[in-house]
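Q: I would like to learn how to read individual features of a protein model, one at a time. Could you take me through some of them, giving the general idea before the particular case?
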Amino acid sequence: MAGGRTGTPTVAQWSAVALVVVLAIAVGAVAYLAYDRANPTVDGQSAAPVPTFSLGVETSSPTPTATAPEVGTVARADERFLSVGAAAWWRATAGACGDTEPLVERSDDAGQTWVDVTGRYRDIAAVASLDAFADTEAEMVVGVGEDCGTQGWRTFTQGVFWEPYDDLVLSAARYISPTDPAVVEQPAGPIDAPCAEARGLRASGETVALVCDAQAWVLDATGTSWTPISAAGVGAVAIDGADVVVAGAAPDCEGVALTRYADADPGSSSPAGCAPGADLTGALAITPTADGIVLWSGDTLTTVTG
């Protein structure tokens, strides 16, 4: 009966089925080899990307925002001081007692050229503070001799000669001890710094700030307690009136960024400028002037305005 009978498949039908199976296997093998060659394995794991899905919404990793450069770790001997007077600029490297000689310099042309006025004839061993005064003169707290005993020096000859003035300079100074960077000396007596390797202390009037663990810290009114006013990434601080200016890292500045903290208040920060070519990984010093903040980085002095 032609329409509804089922019977045993013929040899030709079996041959057709077998041919389809063989072709399917061959196609699968070729596809696998092509995938394997395009996506080799590493240590037995496929290097091919693994797709992710999120409820039908295509997702991808967000583009990372710019990150701030990291501040460098500066040796005590390389610590810098910078002070600008009405008719002379002064700068120094700290040196280290019994190890590295400090360097003190004066400029009469706003930092274009410098003269070495270190005062070696008085056996200077380290610099702990440096401040301009009386238009063309300066005063320092220094470590002297093999025992690195502290003295307060002043010059009235633009650095040609230095004389001890402990009663005027040392008795009123605030500075990190030349022999112990964990100690801050002040008129009321020594106190502990907020870390074991304090750097860059600056003081003016009632405001005292320093750098510890790459943060800026300020001393409270009692002169006994420290408060951090910045995040990490700080290389130097300066006092401008009652404000603290911080030189450090910022995501939007490829160099050294300046931040001002009004009245040394951690909640009152505002941008104070950027020095794109400055090196945050090296020693820094900053000081306020009538024209802006002068930054000493590498061999360059830059006036930064907000």
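Q: In which strand is glutamate 139 found?

A: A sensible start is to place a residue in its secondary structure, bearing in mind that this is a predicted model. Glutamate 139 is found in strand β8, which covers residues 137-144.

Q: Is glutamate 139 buried or exposed?

A: The label rests on relative accessible area, and buried means under 20%. Because its relative accessible area is 17%, glutamate 139 counts as buried.

Q: Which side chain does glutamate 139 meet in a polar contact, and which residues does glutamate 139 touch?

A: It helps to separate polar pairs from contacts in general. The side chains of glutamate 139 and arginine 154 are joined by a polar contact of 2.7 Å. Leaving aside residues up to four places away in sequence, glutamate 139 touches Ser129, Leu130, Asp131, Phe133, Trp153, Arg154, Trp162 and Val169, so Arg154 appears in the list of contacts as well as in the polar pair.

Q: How much space lies in the largest pocket, and which residues are closest to its centre?

A: For a pocket, one reads the volume and then the lining. The largest pocket holds about 520 Å³ of space. Its lining has 26 residues, and those closest to the centre are Leu130, Asp131, Arg202, Ala203 and Ser204.

Q: Which strands each supply at least two residues of that lining, and how do the lining residues divide into nonpolar, polar and charged?

A: The strands that each supply at least two lining residues are β3 (80-84), β7 (124-133), β8, β14 (199-204), β18 (234-240) and β22 (284-289). By residue class, the lining of the largest pocket divides into 17 nonpolar, five polar and four charged residues. Strand β8, where glutamate 139 is found, is thus one of the strands that contribute to the lining of the largest pocket.

Q: How many cavities of 30 Å³ or more does the structure hold, and which residues line the largest cavity?

A: A cavity differs from a pocket in that a probe fits inside but cannot get out. The structure holds one cavity of 30 Å³ or more, and the volume of the largest cavity is about 30 Å³. The residues that line the largest cavity are Arg76, Glu79, Phe81, Val127, Ala128, Ile176 and Leu201, and they divide into five nonpolar, no polar and two charged.

Q: How many disulfides does a search of the whole structure find, and what pattern do they follow?

A: A disulfide is a covalent bond between the sulfur atoms of two cysteines. A search of the whole structure finds three disulfides, and, with bonded cysteines counted along the chain, they follow the pattern 1-2, 3-4, 5-6.

Q: Which parts does the disulfide of cysteine 97 and cysteine 148 tie together?

A: The sulfur atoms of cysteine 97 and cysteine 148 are 1.6 Å apart in this disulfide. Cysteine 97 lies in the loop between β4 (89-93) and β5 (103-107), while cysteine 148 lies in the loop between β8 and β9 (149-155), so the pair ties together parts that are 51 residues apart in sequence. Cysteine 97 is partly exposed, with a relative accessible area of 25%, whereas cysteine 148 is buried, at 5%.

Q: Is the disulfide of cysteine 195 and cysteine 212 left-handed or right-handed?

A: Handedness is read from the torsion about the S-S bond. For cysteine 195 and cysteine 212, joined with an S to S distance of 2.1 Å, the torsion is about -80°, so the disulfide is left-handed. Cysteine 195 is in the loop between β13 (191-192) and β14, and cysteine 212 is in strand β15 (residues 207-212), 17 residues apart. Both cysteines, 195 and 212, are buried.

Q: Is the disulfide of cysteine 253 and cysteine 274 left-handed or right-handed?

A: The sulfur atoms of cysteine 253 and cysteine 274 are 2.0 Å apart, and the torsion about their S-S bond is about 80°, so this disulfide is right-handed. Cysteine 253 lies in strand β20 (residues 253-261) and cysteine 274 in strand β21 (residues 269-275), so the pair ties together parts that are 21 residues apart in sequence. Cysteine 253 is buried, with a relative accessible area of 3%, whereas cysteine 274, at 34%, counts as partly exposed.

Notes:
Residues numbered from 1 in each chain as written. Predicted model: local features only at pLDDT ≥ 70, side-chain atom pairs only at ≥ 80, totals over all residues. Heavy atoms only, no water. Helix = DSSP H or I, 4+ residues; strand = E, 2+ residues; numbered from the N terminus. Buried < 20%, exposed > 50% of the residue type's maximum accessible area, 1.4 Å probe, protein only. Polar contact = N/O pair within 3.5 Å; in protein donor to acceptor, adjacent residues only side chain to side chain. Contact = heavy atoms within 4.5 Å. 1 Å grid on protein atoms, 1.4 Å probe; cavity = no way out; pocket = protein on both sides within 12 Å on 5 of 7 lines; lining within 4 Å. Points joined across faces, edges and corners; volume = space filled by probe spheres on them. Nonpolar A, V, L, I, M, F, W, Y, C, P; charged D, E, K, R; others polar. Disulfide = S-S within 2.5 Å.
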